[in-house]
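Me: I am new to this structure and would like to understand the words used for it. Could you walk me through them?

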Amino acid sequence: MTEMAAPFNPAAGVDVGKRELRGRKMKRPRVVIVGGGFGGIHAARSLKSLPVDVTVIDRRNHHTFQPLLYQVALAVLSPADIARPIRTILRNQENAEVLMDEVVRIDPLKHQVVLGSGAIVQYDYLVLAPGATHSYFGHDEWAPLAPGLKTVEDATEIRRRVLLAFELAERQKVEHGWHPPLNFVVIGGGPTGVELAGAISDIAQLYMKRDFRHIDPRKSRVLLLDGSPRILTAYPDDLSTKAAATLEHLGVEVHTNTRVTGVGPGWVQVEAAGSSYRMESAVTLWAAGVQASPLGKMLGVPLDHRGCVIVDDKLNPPGLKEVFVIGDLAHFEQDGKQVPGVAQPAMQMGDHIAKLVSADLARHTRPVFRYFDKGDMATIGRMDAIANVKWPFKAHLSGFFAWLTWAVVHIFFLIGFRNRAAVMSNWIWTYFTFTRGARLITGDQRLPGWQERVQAGSGAKAAD
Ligand SMILES: Cc1cc2nc3c(=O)[nH]c(=O)nc-3n(C[C@H](O)[C@H](O)[C@H](O)COP(=O)(O)OP(=O)(O)OC[C@H]3O[C@@H](n4cnc5c(N)ncnc54)[C@H](O)[C@@H]3O)c2cc1C
């Protein structure tokens, strides 16, 4: 579908301020932004008052607030609570237009992006913010068996599988008096894995317990697997230890130093403490690996091991002064360390785009980008979290107060008042009534491996 573009010749140089804008009616630079995620939206908004024309291209019509995707996956929120049309976000920005299409090729030499529809969009500046996707470490065949969480579609698929597992177990129990064990296996102990495992445990222990007559959802098992010696390796030791203790208190079985070597329908093969064994799994979820968008490769510039584009302190890849790479696709180092692929850097890089472009327009030197790290947080179940706060004070927080901080920050950053109000009211409803509003199963009514496990019959049978 795509082909590699010839690398840009840095010797030719680019002076956007002077370059003639051929074939264009308006003599204003056109800034093409690929991706309407955190980086892209911030970049577009930052350019609002500059004399430029902005084109935002995204293959989806909506911006997704990814940090709350797990709440859609576990039926607390509905997709529309955490997503908003990009067109609506930018409707009051007169210099911005939105195209819904997939970028399939970039030609840095000709300053063009090619869309799936075949259209060619010419740019004076290109802001590349297409984010990242799951990496199955060379085992893409595991993807349909263990979905990851990145998009609204992923979240509704996970919701379907988790809710369906309880339904199938109830039906099987009614018909045959037993059901295969309800094991939920989450692979990867980073923030997404921890959030998913905590939320599945919540749904099984608290929210489902009164809804079934024949099975006891509280007897389900939630297993969190990670190959490292501890979970949440990006967090300080004390917070990681607290998170593991909280998860165990919620009933999640945390298996560290446990490497997944195979994923099949209804099972996960692992290696731990020198032995290899197979775990039964009703639902397997993938939260282990991330790889950069393939668009980075098309620039013909150096990439890191995950495919991220190595950028300098003006967010340019080597030799491409009119191309800015931001967000999860950017490999940006500050003080000898790589800035993490999370929302804050993406937003700050996006905001910095206007400073770079306006410096060009004024023929000033471009200002360097510096990431201002305010800290990280992750939730663990219903009202618990950990927070490594770095601004406005430094602190390691855990428990309810950390959760409250997390909730305020996430509500604050949700794009659009309607989404904020909807999320807030859903949270209040959920937490005080112990019910979940978005428990819909749509689509296929089968789970990978369930039927085989039922037919095998002789495996471990869950006791209800
Ligand atoms: C489940 C989950 C939970 C997270 N939780 C947190 C958290 O709690 N805190 C935190 O700070 N960070 C969190 N993150 C990370 C954070 O969401 C990302 O770092 C951030 O979204 C990166 O922004 P971005 O603009 O680079 O990419 P994205 O926000 O991923 O946006 C990329 C956009 O580009 C579009 N796109 C991609 N390829 C193409 C193409 N070829 N053509 C057209 N459009 C394209 C996509 O549709 C998408 O809209 C989480 C991520 C996930 C997946």
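Reply: Happily; this is a predicted model, and we can take a few labels one by one.

Me: Why is Thr151 called buried?

Reply: Buried means under 20% relative accessible area, and Thr151 has 16%, so the label fits. Thr151 sits in the loop between β10 (132–134) and α4 (152–176). Leaving aside residues up to four places away in sequence, Thr151 touches Arg60 and Leu69.

Me: And how do you know whether Thr241 is buried or exposed?

Reply: The cut-off for exposed is over 50%. Thr241 has a relative accessible area of 53%, so Thr241 counts as exposed. Thr241 belongs to helix α6 (residues 237–249). Ten residues away along the chain is Ile231, and the C-alpha atoms of the two are separated by 8.0 Å.

Me: What makes Leu404 partly exposed?

Reply: Partly exposed covers the values between the 20% and 50% cut-offs. Leu404, in helix α8 (residues 400–413), has 36%, and therefore gets that name.

Me: Which residues form a nonpolar patch with Leu404?

Reply: Phe400 and Phe401 do, and together with Leu404 they have about 310 Å² of accessible area on the surface. Residues of a patch need over 30% relative accessible area, and Leu404 passes with its 36%.

Me: Now the sheets. Why are β14 and β16 said to stand at the edges?

Reply: Three strands form an open sheet in the order β14-β15-β16, with antiparallel pairing. β14 (258–264) and β16 (275–280) each have a single partner strand, so one side of each is left without a neighbour in the sheet. From one strand to the next, the twist averages 25°.

Me: How do you know that β15 and β16 pair?

Reply: Pairing calls for at least two bridges. Strand β15 (residues 267–272) and β16 have six, so they count as paired, in the antiparallel sense. Val268 stands opposite Met279 in β16.

Me: What makes β2 and β5 a pair?

Reply: Five bridges join β2 (residues 53–58) to β5, against the at least two required, so the two strands are a pair, and they run parallel. Val56 stands opposite Val98 in β5. Both strands belong to an open sheet with the order β5-β2-β1-β9-β20 and parallel pairing. β5 (96–100) and β20 (323–325) are at the edges, because each has a single partner strand. Neighbouring strands here are turned by 15° against each other on average, direction ignored.

Me: Which helix lies across β1, β2 and β9?

Reply: That is helix α1 (residues 38–46), running at about 160° to β1 (30–34).

Terms used:
Residues numbered from 1 in each chain as written. Predicted model: local features only at pLDDT ≥ 70, side-chain atom pairs only at ≥ 80, totals over all residues. Heavy atoms only, no water. Patch = residues over 30% accessible without salt bridge, like charges linked within 9 Å, V, L, I, M, F, W, Y side chains within 5 Å. Areas by Shrake-Rupley, 256 points an atom, 1.4 Å probe, with all protein chains shown as cover. Salt bridge = Lys/Arg side-chain N within 4 Å of Asp/Glu carboxyl O. Helix = DSSP H or I, 4+ residues; strand = E, 2+ residues; numbered from the N terminus. Buried < 20%, exposed > 50% of the residue type's maximum accessible area, 1.4 Å probe, protein only. Contact = heavy atoms within 4.5 Å. Axes fitted to C-alpha atoms, helices over the stretch in contact; angles between N-to-C directions.
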